[in-house]
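Let's take a walk through this fold and look at how some of its helices pack, where it leaves empty space, and where the backbone does something unusual.

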Amino acid sequence: MPVAVKDCLDMAGEVTTSGSRALAGAEPAIEDAEVVRRLTAAGCAIAGRANMHELAYGVTGLNSWTGTPINPRYPQLMPGGSSSGSAVAVAAGLVDFAIGTDTGGSIRVPATCCAVVGLKPSFGRVSRKGAHPAVSSLDCVGPFARDVAAIERAMAIIAPDWNPVAASPTEPRVAWFSPDGEAAILAHVRAQAAACFSLVDIDLPLFNQASDAGLTIIGRETWNACGHLTETGLVGRDVHDRLLMSAKITDAQLADAEAVRQSFAAAVDTLLEIFDAIALPAMTHSVPSLLEIASTAAPKPITLACRPFNLSGHPAIALPVGEVDGRPVSLQLVGRRGEDEKLCALARQVPIFSKGEA
């Protein structure tokens with residue numbers, strides 16, 4: 001099986017640049033990342049390193065040094081990031097599946113933009129040994145594919161304790177949550193979910209705070225890992241400026257964010273004692289065009305609906321379910337921590353939209 005691997009994962013003898021000119025002169029990796037080792041041991045062919053948003057610190061997929069991967073099904077739209085190349089490789093049919101990483105939506109956003117399936121596993125389910133940055137309390141290694149079955153095949157390789165679930169409950173209990181977003185997208189995604197499941201509307205009072213808290217923690221951890229690279233003069237302007245903003249995050253802000261993490265994770269756990277999954281859009285606003293994202297000073301809240309579940313550590317899968325005004329949209333299903341297999345079994349019930357097919 002040909003597989004693409006995001007450029008923030010070590011491969012022995014190669015430089016892990018994480019899409020950044022500032023790391024082009026780094027020493028080659030001594031050994032493969034754990035996930036790469038598992039792929040090659042399973043007989044997968046590493047087709048190539050997948051391009052990415054620089055230092056995995058951005059969600060558009062634009063990269064001024066390596067170039068921006070072209071979204072195969074929507075060439076006028078951004079590919080999404082930070083795992084842009086991984087999603088593009090799958091959408092273009094270059095690989096059977098691809099490996100990306102997701103700290104605040106970096107698998108689910110490009111999966112939505114490119115109309116493929118993307119899974120952010122439970123935090124810690126897939127080894128991050130050999131992933132960059134080395135320290136993260138939010139980041140997850142996970143797969144992209146064109147259908148859920150291929151996602152499950154990938155997880156069986158990269159998660160050593162994977163235990164496939166044959167079928168989901170006959171009448172699964174699914175909660176529907178509507179975050180802030182465009183009404184047409186919320187309505188379309190809800191209708192697609194309602195065609196598959198009996199939905200119960202719920203509220204998540206801490207949702208927006210969790211999204212903000214995720215930004216705070218991502219900022220502090222990325223500054224700790226990559227802040228020194230701003231001194232090289234080789235980091236792209238967007239990431240450079242974002243890093244300098246992150247340097248201003250205070251210990252008090254971090255402590256507040258950690259308190260929100262605990263409260264929000266507990267609230268999601270409580271809901272999932274009643275429901276088998278929570279359903280919501282993966283992106284609540286339309287996927288921006290390349291022109292829009294290049295000219296907009298303050299991008300729409302691209303990762304608003306994804307980031308809270310990095311904070312809480314729950315598994316989440318993005319499933320393409322159609323278009324609104326010619327732009328792709330995805331249903332996001334969130335499952336219980338550690339029960340990624342059951343989440344995938346539930347996801348099999350959702351018909352996957354493929355552009356060009358009725």
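Before anything else, a word on naming: helices and strands here are DSSP runs, numbered from the N terminus, with a helix needing at least four residues and a strand at least two. Also keep in mind that this is a predicted model.

## Backbone oddities

Some background first: most residues other than glycine have a negative phi, and most peptide bonds are trans. With that in mind, have a look at the loop between β4 (117–120) and β5 (140–145), which is where Pro 133 lies. The bond that joins His 132 to Pro 133 is a cis peptide, with omega at about -5 degrees.

There's another cis peptide bond, running from Gly 81 to Ser 82, and its omega is near 5 degrees. Ser 82 sits in the loop between β2 (45–50) and α2 (84–91). The loop between β2 and α2 is also home to Ala 56. Ala 56 isn't a glycine, yet its phi is positive, at about 55 degrees.

## Empty space

How many cavities of 30 Å³ or more does the count come to? Just one cavity reaches that mark. The largest cavity holds about 100 Å³ of space. Its lining takes in Ala 56 and Pro 133, along with Leu 55, Tyr 57, Thr 103, Val 135, Ser 136, Asp 139, Ile 218, Glu 221 and Thr 222. So two residues from the backbone section turn up again here: Ala 56, with its positive phi, and Pro 133, from the cis bond with His 132, both belong to a lining that counts six nonpolar, three polar and two charged residues.

Then there's the second largest pocket, with about 260 Å³ of space. It is lined by 17 residues, and those nearest its centre are Thr 16, Ser 18, Leu 23, His 132 and Pro 133. Both partners of that cis bond are thus on the list of residues nearest the pocket's centre. Sorted by class, the lining of this pocket has eleven nonpolar, four polar and two charged residues.

## Helix α6 and its partners

Helix α6 covers residues 207–226, and helix α7 covers residues 237–246; the two pack at about 110 degrees with axes 8 Å apart. Are they roughly parallel or roughly perpendicular to each other? Angles from 65 to 115 degrees count as roughly perpendicular, and α6 and α7 are therefore roughly perpendicular. Their crossing is left-handed. On the α6 side the contact uses Gly 219, Thr 222, Trp 223 and Cys 226, and on the α7 side Leu 243, Leu 244 and Ser 246. That makes four nonpolar residues, three polar ones and no charged ones. Thr 222 in this contact is also one of the residues lining the largest cavity.

α6 packs against helix α8 (residues 251–274) too, at an angle of about 130 degrees and with the axes 9 Å apart. That angle makes α6 oblique to α8. Here again the crossing is left-handed. α6 brings Phe 207, Gln 209, Ala 210, Ala 213, Thr 216, Ile 217 and Arg 220, while α8 answers with Asp 251, Gln 253, Leu 254, Ala 257, Glu 258, Val 260, Arg 261 and Phe 264. By class, this contact has eight nonpolar, three polar and four charged residues.

## Helices α4 and α11

One more pair to look at: helix α4 (residues 148–158) and helix α11 (residues 340–347) have axes that come within 9 Å and cross at roughly 165 degrees. That makes α4 roughly antiparallel to α11, since angles over 145 degrees fall in that class. The crossing of α4 and α11 is left-handed. Val 148, Ile 151 and Glu 152 of α4 make the contact with Cys 344, Ala 345 and Ala 347 of α11. In this contact, five residues are nonpolar, none is polar and one is charged.

Key: Residues are numbered from 1 along each chain as its sequence is written. This is a predicted model: local features need pLDDT of at least 70, side-chain atom pairs count only at pLDDT 80 or more; totals for chains, interfaces and linings use all residues. Side-chain values use heavy atoms; hydrogens and water are left out. Axes are lines fitted to C-alpha atoms, for helices over the stretch in contact, and angles run from 0 to 180 degrees between N-to-C directions. Angles under 35 degrees count as roughly parallel, over 145 as roughly antiparallel, 65 to 115 as roughly perpendicular and the rest as oblique. A crossing is left-handed if the near helix is turned anticlockwise from the far one by less than a right angle, and right-handed if clockwise. Contact means heavy atoms within 4.5 Å. Ala, Val, Leu, Ile, Met, Phe, Trp, Tyr, Cys and Pro count as nonpolar, Asp, Glu, Lys and Arg as charged, and the others, Gly among them, as polar. On a 1 Å grid over the protein atoms alone, a cavity is a set of points where a 1.4 Å probe fits but cannot get out, and a pocket is an open set with protein on both sides within 12 Å along at least five of seven lines; lining residues have an atom within 4 Å of a point. Grid points are joined across faces, edges and corners, and a volume is the space filled by probe spheres set on the points.
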